Structure formats: C-alpha cells, structure tokens
Amino acid sequence: MDKKKRAAAIFGCAALVFLAGALCTGGGEKHESIQEVMRDAVLHETAKISLFGLKAVNPGLISAFTVTAILLLAALLVRVLAIPRFQYKPGRFQLLLEQAVGMFDGLAKSNSPHRNRFLGAYVFAAGVYIFVGTIFEMFGVQAVTTAGTPISLPAPLSDINGAIALGCLSYGVILSGGIAGNGLKGVGMTLKDFSLPVSMSFRMFGALLSGALVTELVYYYIHLSFVLPVAVDVLFTLLHALIQAYVLTMLTALFYGEVSEPSHNQS
C-alpha cells in the first residue's frame, strides 16, 4: 500500500511540474497561423520532399515507400528466420502471427465461402498495411523538405492520394472476385456499386486526417505541448489504426463475397 501511495505521489508531483512548466513557458512566437498549419497538414502545399532529386512530392508518398519497404523486409525476415523454426507447440511470436493470419482468414471465409483464398491474403496484407502505416507516424521519422526545414513523416493514408489508391485497389479486388465468380454478370454486379471506392477512400482519409489535425492543433499551442500530445497522439493513432484496418477489410470481404457468389445460389 505504501508503494502505491509513493507512486501516486511521484506521479502527482511530476504532473504538477509539467503543468507549472507549461504555464510559465508562454505561448511562444508563431511563424504560421493555425489555419496555415492545418491547411498544410491537409494539402502539403509547402512541405514537399525531394524524391531522389527528381521531383518534389508529398511527404505521404515517402511514408508509403518507407512503410512498404519495412513490411517487405519484415515479411522476408519472418519467412527466412522465423517460419522454418515454428513448432507444434507455438511460442509467443508464432502464436501472435497465427492469430493474426487466422483472424483475417476467418474474416474472408465467413464473408466469402465460395472464393476466399486470394481474399484472405489480400485482407491480411491490407489490414497490416493500414495498421503499420497508421502507427508509423507515432515514431516521428524525420525528413527534410525542399525548403530545408525538418518534418515528421505522416501516415501514408492521411494523404488523400494514398487513401484513394488503396480504396481503388480494394475495389479492383472486389471486381476480380465478381469476374471469377460470375463472369461478365459479376462485372455488372460490381459496377452498380460505383460509389464504393469513393466512400472507402474518403472514410479512411477523413478518419486518419482528423487524428492528424487534432494532434497538429494540440502541438501548435505550446501550453499543451508537454504532456497532453502524448496521450492524444497515442489514443488517436492506435484507435484509428485498429478501426480503419477492421472497417476496410470487413467491407472488402463483404462485397467480395456478394459479387463472387454463384448467381444460381442467389435468391
């Protein structure tokens, strides 16, 4: 009981010290208005990064390349170093990996019982990319803009281009399921939901961008930039990573199952 009281007292004193520091620091000099900061977080009009000296691109594209390279390297290491050592009695890492694969495989089979092998692989890859890409921004990986200023790389899907690309890719997977299951009729069944890639894209973009804008807003005011941004960043990032990974994979599996189901089984 004494240890708990001592820990609570230490935590309370630390909170008071941070609060006093925040109140005594003052607002600081602002080089940009909050409107300019938040607009640039959305449009990236000024914060561009040189792509191998060829072209200035949005930071989200650099984040996408970085996350893709990390995932490919991790997949290679798992395949070469971990999977050959898997045992009948799984260890912690093997159990975690099997649960993740089993969850997405079960999602594919429950929503598309007729064709699900490729669907399971895709929803696993898409879910992992969304989750890792979203939490990537928490690590604060630094880059230098074309103006010579430092910038933390954002989540790839907080860029509207990245969200649209993933939404259209998921729609293409759904279309392939319709063709495989019902031929040209499956194409018509898929194309009738022409608004699906738009809704999927903007749902992801809006959810991830809202977290980025809230974090930018909190960091802009130095009075709040000592303790609160940590909680806000972790809360919004992890919450959006889990929710958006689940929502996109669920919608993809659901629509894929509908259009790939043989027409003679439909009522």
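How exposed or buried is Leu81? In this predicted model, Leu81 has a relative accessible area of 49% and is therefore partly exposed, a value that falls between the limits of under 20% for buried and over 50% for exposed residues.

**View 1. The whole protein chain of the predicted model, with its helices and strands.** The protein chain contains nine helices and four strands, and, read from the N terminus, these elements follow the order α-α-β-β-α-α-α-β-β-α-α-α-α. Of its 267 residues, 35% count as buried, while the accessible surface of the chain amounts to about 15900 Å², with 69% of that area belonging to carbon and sulfur atoms. Among the contacts with a separation of 6 or more, 69% are made by residues that stand 24 or more positions apart.

**View 2. A nonpolar surface patch that includes Leu81.** Leu81 belongs to helix H3, which spans residues 59-82. Together with Leu73, Leu76, Leu77 and Val80, the residue Leu81 makes a nonpolar surface patch of about 470 Å².

**View 3. Ser158 in the loop between strand E4 and helix H6.** The loop that holds Ser158 runs between strand E4, residues 150-152, and helix H6, residues 160-182. Ser158 counts as buried because its relative accessibility is 5%, which lies under the 20% limit for that class. Thr134 is 24 residues from Ser158 along the chain, and the C-alpha atoms of the two residues are separated by 8.3 Å.

Conventions. Residues are numbered from 1 along each chain as its sequence is written. This is a predicted model: local features need pLDDT of at least 70, side-chain atom pairs count only at pLDDT 80 or more; totals for chains, interfaces and linings use all residues. Side-chain values use heavy atoms; hydrogens and water are left out. Patches are made of residues with over 30% relative accessible area and no salt bridge: like charges are joined within 9 Å, nonpolar side chains (Val, Leu, Ile, Met, Phe, Trp, Tyr) within 5 Å. Accessible areas come from the Shrake-Rupley method with a 1.4 Å probe; for residues, only the protein chains shown count as cover. A salt bridge is a side-chain nitrogen of Lys or Arg within 4 Å of a carboxyl oxygen of Asp or Glu. Helices (H or I, at least four residues) and strands (E, at least two) are DSSP runs, numbered from the N terminus. Buried means under 20% relative accessible area, exposed over 50%, partly exposed in between (1.4 Å probe, protein chains only). Contact means heavy atoms within 4.5 Å.
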